[in-house]
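Hi everyone, thanks for making the time. I'd like to walk you through one model today, so please have the sequence and the 3D view open.

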Amino acid sequence: MTDEDSGQRRQPATDAPLHEALLHLLDRFQGRDIRLSDLLDAMGHRGFGFVYILFGMLAAVLPTGLCSLMAVPVLLFSAQQAAGHARPYMPARFDGKRFPAQAIQSGLQRRQHWIRRLERFAKPRWAPMTSAPVNRVAALFCLLLALVILAPGPFTNVPPGIAIALFGFAMAERDGLLMAISFVTGVLGFVVGLSALIATALLVWSWIGQIDLTPLI
């Protein structure tokens, strides 16, 4: 393979809108299973953005319990980015699971309407807001939001999950304006999610306090 051919194969994953880059990549895996590490390697410098979009969206739409599981990879990858890693990596012991490429591609196509709307808004701008130090601060935000999602409860997943996905789009498209919006959304998502968690804990505590334990004594 020539350097020119290699560059043409890498271009969709580095320059095209993220949605198109993913579909192009999955075309190459048609009829085969794919690991998360395959996607991370192909996404290159956009890898962190990709995982935040993927698991942020899943955390926002999955029911309570399942959404908490989506917080685990966000914790893993946000910790890597906050520590200064340029690209996400999947530890070998967690990379055994494979997924049908066709199933992932179909899922993207079903949700492409609103993804394309956000991609039309996102574009490279406000470069200082997408610098490495800012991205590391954003990663810390994502880590805090993932901790809120990890605790099951009503409304502890949707606002934080949306905020994490927005951070992902801002990083992947190098959009400083969207990054600023993501920080505002992240603060709101953290406050709403944490408030819901505290309210749930108080309700449970109140319910426990009303239980008559006299017959058990």
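At what angle do helix H2 and helix H3 pack, and how far apart are their axes? Please keep in mind that we are looking at a predicted model. Helix H2 covers residues 18-27, helix H3 covers residues 36-43, and the angle between the two is about 125 degrees. Their axes lie 11 Å apart. Angles from 65 to 115 degrees would be called roughly perpendicular, and those over 145 roughly antiparallel, so H2 is oblique to H3. As for the hand of this crossing, H2 and H3 cross in a right-handed way.

Let's look at who does the touching. From H2 we have Leu18, Ala21, Leu22, Leu25 and Leu26, and they meet Leu39, Ala42 and Met43 of H3. Sorted by class, that contact has eight nonpolar residues, with no polar and no charged ones. If you like to see the helical repeat in such lists, recall that an α-helix has 3.6 residues a turn, so residues three or four places apart point the same way.

Staying with H3 for a moment: six of its eight residues are buried, so H3 is largely enclosed by the rest of the structure. Those buried residues are Leu36, Ser37, Asp38, Leu39, Leu40 and Met43. Right after H3 comes Gly44, with a positive phi near 60 degrees.

Now to a second helix pair. Helix H8, residues 132-150, and helix H10, residues 176-209, have axes that come within 10 Å and cross at roughly 25 degrees. Angles under 35 degrees count as roughly parallel, and H8 and H10 are therefore roughly parallel to each other. The crossing of H8 and H10 is left-handed, while the one between H2 and H3 is right-handed.

The H8 side of this contact is made of Val134, Asn135, Val137, Ala138, Phe141, Leu144, Leu145 and Val148. Facing them in H10 are Met179, Phe183, Gly186, Val187, Gly189, Phe190, Gly193 and Leu194. By class, the H8 and H10 contact holds 12 nonpolar residues and four polar ones, and no charged residue.

Next, one residue I'd like you to click on: Glu173. Is Glu173 buried or exposed? Glu173 is buried, with a relative accessible area of 11%, and its place is in helix H9, residues 158-173. Setting aside residues up to four places away in sequence, Glu173 touches Pro17, Leu18, Arg46, Glu119, Ala122, Lys123 and Pro124. Leu18 is a name you have heard already, as one of the H2 residues that meet H3. Ala122 is 51 residues from Glu173 in sequence, yet their C-alpha atoms are 6.3 Å apart.

A word on cysteines. How many disulfides does a search of the whole structure find? The search finds zero. Cys67 is buried, at 1% relative accessible area, and Cys142 is buried too, at 0%.

Finally, let's zoom out. The protein has 10 helices and two strands, and along the sequence they follow the pattern α-α-β-α-α-α-β-α-α-α-α-α. Of its 217 residues, 43% are buried. Take the contacts between residues at least 6 apart in sequence: 76% of them join residues at least 24 apart. The pair of Glu173 and Ala122, 51 residues apart in sequence, is a nice one to keep on screen. Thanks for listening, and I'm happy to rotate the view for anyone.

Methods: Residues are numbered from 1 along each chain as its sequence is written. This is a predicted model: local features need pLDDT of at least 70, side-chain atom pairs count only at pLDDT 80 or more; totals for chains, interfaces and linings use all residues. Side-chain values use heavy atoms; hydrogens and water are left out. Axes are lines fitted to C-alpha atoms, for helices over the stretch in contact, and angles run from 0 to 180 degrees between N-to-C directions. Helices (H or I, at least four residues) and strands (E, at least two) are DSSP runs, numbered from the N terminus. A crossing is left-handed if the near helix is turned anticlockwise from the far one by less than a right angle, and right-handed if clockwise. Contact means heavy atoms within 4.5 Å. Ala, Val, Leu, Ile, Met, Phe, Trp, Tyr, Cys and Pro count as nonpolar, Asp, Glu, Lys and Arg as charged, and the others, Gly among them, as polar. A disulfide is a pair of cysteine sulfur atoms within 2.5 Å. Buried means under 20% relative accessible area, exposed over 50%, partly exposed in between (1.4 Å probe, protein chains only).
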